[in-house]
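Q: Got a minute to go through this one with me? I'd like the basics.
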Amino acid sequence: MSVNEKIKNMRRKQGITAAELAEQVNLKQSTIARYESGSIKYIPVDNLTAIAEVLGCSLDDLIKGDSRYTDTSSDYDLPKKPTAFEKDLYARISVLSPKKQKVVRQLVDSLSDL
């Protein structure tokens, strides 16, 4: 079972709404929905850890059986320290209004589909 399916199933079994989970881990409900739907392929480890804590399980319980997180032969590399370019980009985006940040996210999402 994938991480996204486990999060959704565990949350529902415990009677926690996506909104409640989002609030407890300091994320947006839409982010939780994207995690659970699988539209975000790789959930950052710090977010997975926070979700596991709220759901009362270990990080290992969430990722066990999902080759995206456990297959060491995968082409996926864990995130590295941000480059100077990435830090600069983040600094520039973080001062934008939420509406403009949304536009930037939509642009980035559309580029990632190419």
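Q: What area does the protein expose?
A: About 8300 Å². Carbon and sulfur atoms supply 55% of that exposed area.

Q: And what share of the residues is buried?
A: Buried residues make up 25% of the 114 in the protein.

Q: Switching topic. How many helices and how many strands?
A: Eight helices and zero strands. Along the sequence the pattern reads α-α-α-α-α-α-α-α.

Q: What about contacts with a separation of 6 or more: what part comes from residues 24 or more positions apart?
A: Those pairs account for 57% of such contacts in the protein.

Q: Now confidence. What is the average pLDDT?
A: This is a predicted model. The protein averages a pLDDT of 85. At least 70 is reached by 89% of the residues.

Q: Which elements have the lowest and the highest mean pLDDT?
A: Helix H6, residues 67–70, has the lowest, at 75. Helix H2, residues 18–24, has the highest, at 95.

Q: Any general caution there?
A: Where pLDDT is low, don't read the predicted coordinates in detail.

Q: Next, the backbone. What is the phi of Asn26?
A: Near 60°. That is a positive value in a residue other than glycine. Most residues other than glycine have a negative phi.

Q: Where does Asn26 lie?
A: In the loop between H2 and helix H3, which covers 29–37.

Q: Is Asn26 buried or exposed?
A: Asn26 is exposed. Its relative accessible area is 70%, and the cut-off for exposed is over 50%.

Notes. Residues numbered from 1 in each chain as written. Predicted model: local features only at pLDDT ≥ 70, side-chain atom pairs only at ≥ 80, totals over all residues. Heavy atoms only, no water. pLDDT = per-residue confidence, 0-100. Helix = DSSP H or I, 4+ residues; strand = E, 2+ residues; numbered from the N terminus. Buried < 20%, exposed > 50% of the residue type's maximum accessible area, 1.4 Å probe, protein only. Contact = heavy atoms within 4.5 Å. Areas by Shrake-Rupley, 256 points an atom, 1.4 Å probe, with all protein chains shown as cover.
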